[in-house]
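Work through the following exercises with the coordinates open, and compare each step of your own reasoning with the solution given below it.

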Amino acid sequence: MKKVLSIVLCFALAATLFGCGMSVGKEVNLRDKLASLVTSDEALGVKGKYSALSDITDGSVDKDLIGTWKTADGETSYVYNEDGTVKASSEYGDFETKFTCLTLGEYKVICEEMEMESEDADGNTTTSTIVSYSTYDVDNDALYFTNVEDTTDENVDSSQYALMVMYRADESGSVDAAVAKNKVALDSFTGTWSSEKGEIKIVDGTLTLGKDVYDISMNDKGKLVVDKDGSSTEYSVNISIRKQYDSEDKTQATETTALGLYFTGADENDKPNLESVLDDWGEYKPNYFSGTFDLKQ
């Protein structure tokens, strides 16, 4: 089960690298949001309880979830339907399954049914149905969710959590209005971000790239604004915060936060002022993806 949940999680992480937020005039710190959602199937009382959605007789479809949700760059979407089906779509492919919702203590939980494939030492493959769980919070047209720790397999030596953030799309399919209502706390960006192409450092409202120092801020559209020498560029930002804990000591955590920068210029003539980063990542195009940077501890 752990293997399958990891596969599903990796699909979501690769596809989304989420952005985030709350109301105008308010900010959300993503690390605090992740901490508020982290729990285990054992703590929720669902460990080994359900083998299929049909076992969950007290589940229901949360109306707050109904609709289309997208990442800040609009490239990945989740569509929750009133009939209890959900479809995720991205450049990595589509994933469709059934879901129901439970309220367990202080947590709201999305329960999804999926097929698990396992292979034995002889290469024989078997398929079985499992139920996976995610805690979630819907706030001001932003959907936050993270996977629930699976304690069914006692042999696992670590637990991984990942905060996902989606925005509610309007009738035209745009998430601009939802993003504009949300602001990410700049503290969520703080740190030294590294990739195979190099490093950028973000602290106290500045971004350092090599010897260059840029001023950064969040504007009223929920975009990350990067300023240098009179040149100002907006970026859509997706962040995914992942934490991995040693199962024997939950105080020992490795945080592997990922930052995705998406250039919001119209065409190749609208050059971003982080061009030295973007040049390493392929052709210019609308919603230019500058690459993924991992937070160094």
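**Exercise 1: an aromatic cluster**

Tyr80 is buried, with a relative accessible area of 2%, where buried means under 20% relative accessible area, exposed over 50% and partly exposed in between, computed with a 1.4 Å probe on protein chains only. The model is predicted, so that local features need pLDDT of at least 70 and side-chain atom pairs count only at pLDDT 80 or more, while totals for chains, interfaces and linings use all residues. Residues are numbered from 1 along each chain as its sequence is written, and side-chain values use heavy atoms, with hydrogens and water left out.

Task: determine which aromatic pair Tyr80 forms with Phe99, and which parts that pair ties together.

Solution. Begin with the criterion: rings of Phe, Tyr and Trp (its six-membered ring) pair if their centres lie within 6.5 Å, and planes under 30 degrees apart count as stacked, over 60 as edge-to-face and the rest as tilted. For Tyr80 and Phe99 the centres are 5.1 Å apart and the planes stand at 85 degrees, an edge-to-face pair. Tyr80 lies in strand E2 and Phe99 in strand E4 (residues 93-104), so the pair ties together parts that are 19 residues apart in sequence; here helices (H or I, at least four residues) and strands (E, at least two) are DSSP runs, numbered from the N terminus. Phe99 counts as buried at 3% relative accessibility, and Tyr78 likewise counts as buried, at 9%. As a last step, follow the ring pairs onward: they link Tyr78, Tyr80, Phe99 and Phe145 into a cluster.

**Exercise 2: the hairpin**

Task: establish how strands E1 and E2 run and how many bridges join them.

Solution. Two strands pair if DSSP finds at least two bridges between them. Strand E1 (residues 67-70) and strand E2 (residues 77-80) run antiparallel and are joined by 4 bridges, with Gly67 standing opposite Tyr80 in E2. The two strands form a hairpin with 6 residues between them, and Gly74 in the turn has a positive phi of about 80 degrees.

**Exercise 3: cysteines without a bond**

Task: explain why Cys111 has no bond to the sulfur of Cys101.

Solution. A disulfide is a pair of cysteine sulfur atoms within 2.5 Å, and a search of the whole structure finds 0 of them. The sulfur of Cys111 is 7.2 Å from the closest cysteine sulfur, in Cys101, and is therefore too far away for a bond. As for burial, Cys101 has a relative accessible area of 5% and is buried, and Cys111 is buried too, at 0%.

**Exercise 4: two cores and a buried glutamate**

Task: find which residues have the most contacts inside the largest nonpolar core, and then describe what surrounds Glu113.

Solution. A nonpolar core is a set of buried Ala, Val, Leu, Ile, Met, Phe, Trp, Tyr and Cys residues joined through side-chain atoms within 4.5 Å. The largest has 22 residues, and Tyr144, Leu163, Phe189, Leu207 and Leu224 have the most contacts inside it. A second, separate core of 15 residues includes Cys101, Tyr136, Leu143 and Met166.

Turning to Glu113, place this residue in strand E5 (residues 107-119) and note that Glu113 is buried, at 16% relative accessible area. A polar atom of the Glu113 side chain lies 2.9 Å from the backbone nitrogen of Leu53. Not counting residues up to four places away in sequence, Glu113 touches (heavy atoms within 4.5 Å) Ala52, Leu53, Ser54, Thr97, Lys98, Thr129 and Ile130.

Conventions:
A polar contact is a pair of N or O atoms within 3.5 Å; within protein, one must be able to donate a hydrogen and the other to accept it, and residues adjacent in sequence count only if both atoms are side-chain atoms.
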